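Here's a walk through a structure you may not have met before. Have a look at it first, and then we'll go from the whole down to single residues.

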Amino acid sequence: MKNSIALILSILLFACTSEPTQLTDEPNKNPIVETLEQKIKHHIEASLQIPATEKYEYEKYEAHVNGDDSLDIIITVNRLGHALERAINSDRLAKRAETGFMGNYNFFFVMDGKTKEISPPILVPSSAKAKLQVRFENIRTEAYKDILIDFKLEHGAFRRFFTMYNGLPKEVFQIMLYDGLGDLENKAISIEYDQGSYSLAKDILIYVGKLEKVDFKDPSEVYSYDPKIENTKVLERRWFFNDNQRKYFTMKDK
């Protein structure tokens with residue numbers, strides 16, 4: 001009995017004097033903190049599944065686009081490199097170049113300035129040769145800005161209007177800005193805003209525009225050129241915002 005007690009005491013004494021085993025899953029004492037640029041790049045590449053070898057471009061635009069007092073960021077992404085690679089691999093480089101590499105190569109994200117959360121990607125099918133252009137206007141309310149995204153399709157350009165709902169951008173209107181740039185026959189509009197006739201959101205007034213005449217020596221210049229449009233003051237149509245459906249509508253022609 002004495003021998004058993006002595007054995008137990010020796011084991012306990014050894015356990016007390018032995019050094020504790022170091023845990024391998026100990027939390028990192030110096031966690032890595034991402035910079036804003038790193039967070040944006042990681043989100044873009046993960047969301048769009050962009051490989052490390054791909055060269056792409058992104059740009060940032062700042063404005064208040066929701067109800068808080070923090071400055072938000074609109075991030076545009078252009079994947080012209082991916083468009084070129086796909087065209088080469090399919091042996092259709094010349095054919096794709098004729099249409100400005102039309103496809104799903106332009107996207108934008110919205111980063112909430114307060115939470116730093118970034119939205120899922122919003123696809124804007126358009127020419128990869130032309131980056132998205134971002135503008136801001138107080139349309140729905142004077143408290144914050146709405147997001148206007150301009151994109152190009154060969155000899156034409158369009159504008160999509162977005163407003164924020166529950167932290168995400170929702171498209172409420174789209175209009176063609178011009179068509180036939182550099183051609184003999186063309187069409188263009190000019191946009192103005194007026195007090196809302198059906199809601200607090202401003203009405204969108206579309207006027208007949210006059211597109212400047214341009215002669216391109218290099219056909220690809222059409223994607224980088226921003227033409228001047230003269231407002232003829234001839235009202236073509238008035239659009240009003242419907243709060244229930246969260247979209248712009250217009251009256252039918254009589």
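Of the 254 residues in this protein, 36% count as buried. Keep in mind that you're looking at a predicted model. Its accessible surface comes to about 16400 Å², and 52% of that belongs to carbon and sulfur atoms. As for the building blocks, there are four helices and 14 strands. If you take the contacts with a separation of 6 or more, residues 24 or more positions apart account for 50% of them.

Let's start with a sheet. Four strands make up an open sheet, in the order β1-β2-β4-β5, with antiparallel pairing. Why do β1 and β5 each have one side left without a neighbour in the sheet? Both stand at the edges, β1 at 57–63 and β5 at 122–123, so each has a single partner strand. For β5, there's an antiparallel pairing with β4 (residues 106–111) over two bridges. In one of the bridges, Phe107 is partnered with Leu123 of β5. Helix α2, residues 36–48, packs on this sheet and touches β1, β2 (72–78) and β4. Its direction makes about 135 degrees with that of β4.

On the surface, you can find a nonpolar patch formed by Leu84, Ile88 and Leu93, with about 240 Å² of accessible area together. Leu84 sits in helix α3, which spans residues 80–89. With a relative accessible area of 31%, Leu84 is partly exposed.

Now for a residue that's tucked away. Is Ile175 buried or exposed? At 16% relative accessibility, it counts as buried, because the cut-off for that is under 20%. Ile175 belongs to strand β10, residues 168–179. Leaving out residues up to four places away in sequence, Ile175 touches Phe158, Arg159, Phe161, Ile189, Ile191 and Ile206. One of these, Ile191, is 16 residues from Ile175 in sequence and 9.8 Å from it in space, C-alpha to C-alpha.

Next come the charged pairs. Side chains of opposite charge can pair when their charged atoms come close. How many salt bridges does a search of the whole structure find? The search finds 12, and the table shows some of them.

| Acidic residue | Basic residue | Closest N to O distance |
|---|---|---|
| Asp150 | Arg159 | 2.7 Å |
| Asp226 | Lys152 | 3.2 Å |
| Glu171 | Arg160 | 2.6 Å |

In the pair of Asp150 and Arg159, both residues are buried. Asp226 lies in the loop between β12 and β13, while Lys152 is in strand β8 (residues 146–153), so this pair ties together parts 74 residues apart in sequence. Asp226 is partly exposed at 43% relative accessibility, whereas Lys152 is buried at 8%.

The pair of Arg160 and Glu171 links distant parts of the chain, with Arg160 in strand β9 (residues 156–165) and Glu171 in strand β10, 11 residues apart. Arg160 is buried at 11% relative accessibility, and Glu171 is partly exposed at 25%. Elsewhere, Glu57, Glu59 and Lys131 are joined into one network by salt bridges that share partners.

One last stop is Glu221, in the loop between β12 (203–211) and β13 (229–242). Glu221 is partly exposed, with a relative accessible area of 35%. Although Glu221 and Lys129 are 92 residues apart in sequence, they are 9.6 Å apart in space, C-alpha to C-alpha.

Definitions and conventions
Residues numbered from 1 in each chain as written. Predicted model: local features only at pLDDT ≥ 70, side-chain atom pairs only at ≥ 80, totals over all residues. Heavy atoms only, no water. Pairing = 2+ DSSP bridges. Contact = heavy atoms within 4.5 Å. Axes fitted to C-alpha atoms, helices over the stretch in contact; angles between N-to-C directions. Buried < 20%, exposed > 50% of the residue type's maximum accessible area, 1.4 Å probe, protein only. Areas by Shrake-Rupley, 256 points an atom, 1.4 Å probe, with all protein chains shown as cover. Patch = residues over 30% accessible without salt bridge, like charges linked within 9 Å, V, L, I, M, F, W, Y side chains within 5 Å. Salt bridge = Lys/Arg side-chain N within 4 Å of Asp/Glu carboxyl O.
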